Structures are given as structure tokens and as C-alpha cells.
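Here are some notes on the aromatic side chains, for when you have a minute with the viewer open.

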Amino acid sequence: STTPSSFPTSALFLSPSFPPSAAHSSPPSRASASPTVASSTTPSSFPMAAPFSSPSFPPSAAHSSSPSAAPVLEESALFPTQAPTTLAPTPDQFPPNPVPLNPRPGYFNYDPTDENYGPGFRSSNKDKYSFENNGWATINAKDTDEYKYWREFDKYLEPNLERNYCGDTDVWTDSRGFSHFQSPIHVRATGNKKCLEFHEIRDRAGDWRMDDVEVKKEIHSNKIRVVYPRRTGEEPDPPNADIPSGWQKQMDVIHIDIKIPAEHTLNGTEFPGEYQVYIISTAGRGAVAVSILMDLHPDDEDNPTFGIALNEFKKEFNKDITACIEKMRGGGRKLTDSQVSIENLEKLIFPPPPPPPPPSGSIFTDLVNTETDLGVHPDCLTGNIADGGDPCTSPGFWDPWHPRDILRTDWFYGYDGSTTEPPCYPIATFRIMDTPMLISRSQLTDLKKLIFFHFSPECEATSVHFDQSVARPIQQSVGAKIHRCTCLNFLSDKERNENPGRETCEVEEFCNYHECS
């Protein structure tokens with residue numbers, strides 16, 4: 001539905017409103033045989049975190065019609081150099097939660113003025129890059145949820161996972177000589193690194209449905225995360241991708257993180273959200289993070305593929321809220337005066353989504369024996385795919401790379417970076433796609449509600465947002481080697497197959513494939 005979910009009308013829960021979206025051209029089909037002009041990456045108007053709104057870029061940094069690299073900006077043009085200014089108070093549709101009286105070990109938040117738990121703000125000392133009041137740098141890495149998550153992959157990762165890297169002022173260099181900057185950064189082609197990729201990201205959807213119980217839908221304090229089951233044999237397949245430039249072929253997706261607003265900027269432009277697909281290399285190269293920026297659809301149309309995922313997160317949200325309400329009614333839990341009443345908690349519950357259409361062509365609706373199974377295809381247990389098909393794929397499988405709704409381009413920017421919350425591990429090689437996915441205003445509202453208004457079954461208000469943001473402040477990028485891959489480097493596989501011998505576009509065709517101002 002495109003109708004925004006109803007919100008409580010109390011002072012704590014004011015319904016958010018959104019300004020009109022900026023104009024876009026119609027979204028192009030990814031990898032079409034006949035190139036079309038890509039839609040504008042200029043985002044719609046959107047309330048961002050005031051302390052960390054990107055400074056205006058000088059005219060020379062604007063996106064050029066030339067495919068050559070954008071100019072390198074001076075550090076003073078990229079970062080604020082003072083603490084956030086105190087502004088007159090205005091009503092906040094999504095007020096931040098106070099720091100708990102007894103914060104759990106590993107607690108952090110996004111308040112730049114909180115010297116104990118916040119990420120800090122850019123130092124005024126221009127001789128050395130640092131953040132003042134950087135509470136993140138003092139957190140014990142082993143206390144964090146990310147340490148507990150990433151240690152599963154410790155044997156594939158170089159950095160010491162027991163160390164906190166959030167306060168690093170210098171790059172971390174891996175054994176291959178690649179320098180990892182702290183993320184996120186201002187993304188733009190710096191001209192000091194060439195694109196060495198020679199084909200598109202070759203993605204596969206995998207076998208899983210979004211409503212398979214084995215696919216975890218987690219609402220964290222600063223994001224929503226989809227966690228895929230790990231591969232245990234030939235079948236079933238998680239989503240996977242062949243990342244160009246010497247990575248393994250068809251590496252598995254381990255999770256997807258969705259944050260609001262976007263953490264990276266692209267050519268000086270901010271976006272309402274960011275969708276990050278993390279892929280693990282079992283050859284020791286770390287992780288690839290394919291980042292797809294999110295923008296509002298010019299016609300306010302829902303994104304149907306993304307909507308399927310949102311509906312599953314709404315179920316998790318409702319389940320947690322309902323458990324909290326039942327506990328309160330049973331006398332097992334009481335909220336403090338600063339928190340909301342049962343009545344307002346009930347108003348947070350999302351209405352049930354419409355039922356999905358029944359799967360066609362098969363009675364097998366889930367992959368393995370769970371309470372939701374109607375049956376298991378025997379080939380799914382043996383890995384027998386000699387018939388040329390893939391019988392393990394669930395009817396109605398969910399494609400995290402959907403070519404129309406999510407991954408709408410073949411080209412990207414790239415740099416070596418880090419995870420974006422404590423302990424800020426320098427393990428991520430980012431690929432920032434150059435065209436955003438589009439969502440509706442109501443879907444953005446639902447995203448905010450899922451993260452900012454979530455209560456655990458124990459009735460804890462979990463969100464650590466500040467000023468409607470769970471995005472880490474922009475980090476140093478001066479000196480970073482950021483490359484851009486365009487049609488001058490490779491065409492889509494589809495176009496290559498349809499036009500044998502045609503590998504790249506001509507310079508005069510560049511604006512047929514990419515936005516040119």
C-alpha cells in the first residue's frame with residue numbers, strides 16, 4: 001500500500017511529513033540492450049541530520065558531462081570544523097531516546113555532543129584529522145554486537161577483531177598494500193586510481209524467500225539487517241555475486257544492512273537511505289560491501305521488491321511490540337514516565353499487509369524442514385541439479401539484486417574502507433553504485449518507524465538515533481584512492497552478448513549511459 005502507516009498523535013509521536021520530491025526521469029531498466037539516459041542522482045528534499053549535512057561543494061566539483069575524474073577537493077571543503085551550533089528547538093517527529101541509566105557494555109549512540117557514547121564531531125585542528133568527543137573510540141570492541149557477529153568470519157579477515165579502530169587517524173594497510181580509510185566518506189572519482197574492473201557485478205538471487213524462517217530479519221538499534229543462512233553444501237544457495245578485479249567468483253552474501261539517512265554522499269549529494277549488501281571472501285580478502293543509495297520516487301510509487309522485505313520487518317516489529325504490551329498488562333514490566341503508554345504502543349503496530357499471491361507451479365514453499373514447510377523437494381537435500389534446473393529455489397524467491405527495483409545500474413565507484421559502527425573494522429571494500437534505488441514516501445516513513453520507534457519484547461526503546469539519523473559522520477577521504485567504473489571500462493553482459501565484439505562504449509556515447517549535467 002502507498003498509504004503511510006498511522007502514527008500516534010501524542011507529543012512523543014508526531015506524524016512525519018515530507019516535502020515534495022525533486023524531479024527524476026523514469027527509472028531505466030538495468031543493462032538494457034539499447035542504452036537510455038540514466039535517471040538523475042539528485043535526491044529529493046529530505047530532512048538530514050543538521051550537524052552533519054554535507055557542506056556545499058564548489059562549482060568545480062559538480063558532476064561533469066565529461067567522463068574524466070572529478071577534481072580532488074581540499075579537506076577544508078569537505079568537513080565541518082566546529083561543534084554543532086545550538087538551534088532553536090523545533091518539534092521532532094522522531095525524538096531520540098535518552099541514554100539508559102545503566103547502559104549495557106558496548107552501548108553507543110549518534111549524538112555528536114555525547115563524549116561518552118557519541119561519534120564526536122570534526123576537530124578544528126587542521127594539522128591532524130580527528131574527531132573531538134569521540135566516545136566510539138573508547139568502547140571495548142569485544143563488548144559490541146559487531147564483534148560477536150564478525151568473529152564468525154575471523155579466519156577470513158586480517159584485522160584484529162578485538163581492537164577498536166573508530167579512533168584511528170591514519171589508514172590501515174592490509175597485507176596486499178591496500179590502504180583502508182574509515183567509512184563513510186564523500187564518494188567522488190579522485191583521479192588517483194583507475195578502474196581495473198572489466199565486467200559488471202554478476203549477481204545471482206539465490207534460493208531463499210524473504211519469509212523463509214531461516215532468513216533472519218533483525219531490527220537493531222541503528223539499522224535493519226537481513227541475515228542469510230550460511231552455505232552448508234551445494235544447495236540451497238544464498239544470494240551471491242562475482243565481484244570483478246580478482247575476487248572469487250560467486251561469493252556468498254552474508255547480510256544486508258539498511259540505514260537512514262545514507263552514510264555515503266555521491267559527488268556531494270546526500271540521499272535518504274543506504275542499502276548495503278555484504279559479501280564475504282573465503283580467500284582472505286575481507287568483505288565486499290555493495291552500496292546502493294536510496295532516493296524518493298518522483299511519482300511517489302512504492303518499490304514492490306523492497307516492499308516485500310519491509311513487510312517482513314513489520315511483522316518482527318509488531319511481534320516485539322505485542323510481546324512488550326503483553327508483559328506490561330501482565331505486570332511483568334512497567335515503562336518509566338519518560339516512555340510511552342500501552343495505548344501509544346498499540347498505535348505503533350503496523351496494519352497487516354495484504355497476503356502474497358500463492359506460488360505457482362510447485363507445492364514446495366520453503367527450503368528445509370521448518371514449521372512453515374508444505375514439503376521438501378528431495379533434490380534440495382541431495383544437491384542433485386543434474387536436470388539443469390535448481391529445484392531448491394523457493395517459488396517466490398526474493399532477489400536482493402532485483403534489476404528494476406534495486407540494482408538499476410552496472411557501474412560504480414570503489415574504495416577500501418571500514419564498517420561504520422563500533423569497532424569500525426577496516427575490512428570492507430566498497431562498491432558504491434552510481435544510480436539509486438527508488439522508494440515511496442510511505443516506505444521511507446516505515447523505515448524510520450522500524451528503526452526509531454522499535455521496542456524490544458522486554459519493553460526497551462532500542463533506537464540510538466540522533467536528529468533522525470543512524471549514519472556515522474563523514475570521515476577523512478583526502479588522499480583516498482577512489483575509482484569510478486563507467487561504460488568506457490565495460491558494457492553490461494547483456495549488451496556484450498547481443499553485440500559480439502562490442503566491449504565498451506565510445507566517448508561520444510557516454511551521456512547515453514550516464515548522467516551528464
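The points below go through ring pairs first and then charges over rings.

1. Keep in mind that this is a predicted model. The count of aromatic pairs comes to 15. I only pick out a couple of them here.

2. Start with F94 and F453. Their ring centres sit 5.1 Å apart with the planes at 40 degrees. Stacked needs under 30 degrees and edge-to-face needs over 60, so this pair is tilted.

3. What does that pair tie together? F94 comes from the segment before β1 (121–122), while F453 belongs to the loop between α5 (441–452) and β17 (483–485), so the contact ties together parts 359 residues apart in sequence.

4. Are these two rings buried or exposed? F94 is buried, at a relative accessible area of 0%. F453 has 4% relative accessibility and counts as buried too.

5. Now look at Y149 and W150. Here the ring centres are 5.4 Å apart and the planes stand at 90 degrees, so the pair is edge-to-face. Both Y149 and W150 are buried. They also belong to a cluster: ring pairs link Y149, W150, F153 and Y278.

6. Last, the lysines. Which residue lies over the face of F178? That is K193, at 5.7 Å from the ring centre; the cut-off for a charge over a ring is within 6 Å. Over the face of F350 you'll find K449, at 3.8 Å from the ring centre.

Technical notes
Residues numbered from 1 in each chain as written. Predicted model: local features only at pLDDT ≥ 70, side-chain atom pairs only at ≥ 80, totals over all residues. Heavy atoms only, no water. Phe/Tyr/Trp six-rings, centres within 6.5 Å; stacked < 30°, edge-to-face > 60°. Helix = DSSP H or I, 4+ residues; strand = E, 2+ residues; numbered from the N terminus. Buried < 20%, exposed > 50% of the residue type's maximum accessible area, 1.4 Å probe, protein only. Lys NZ or Arg CZ within 6 Å of the ring centre and 35° of its normal.
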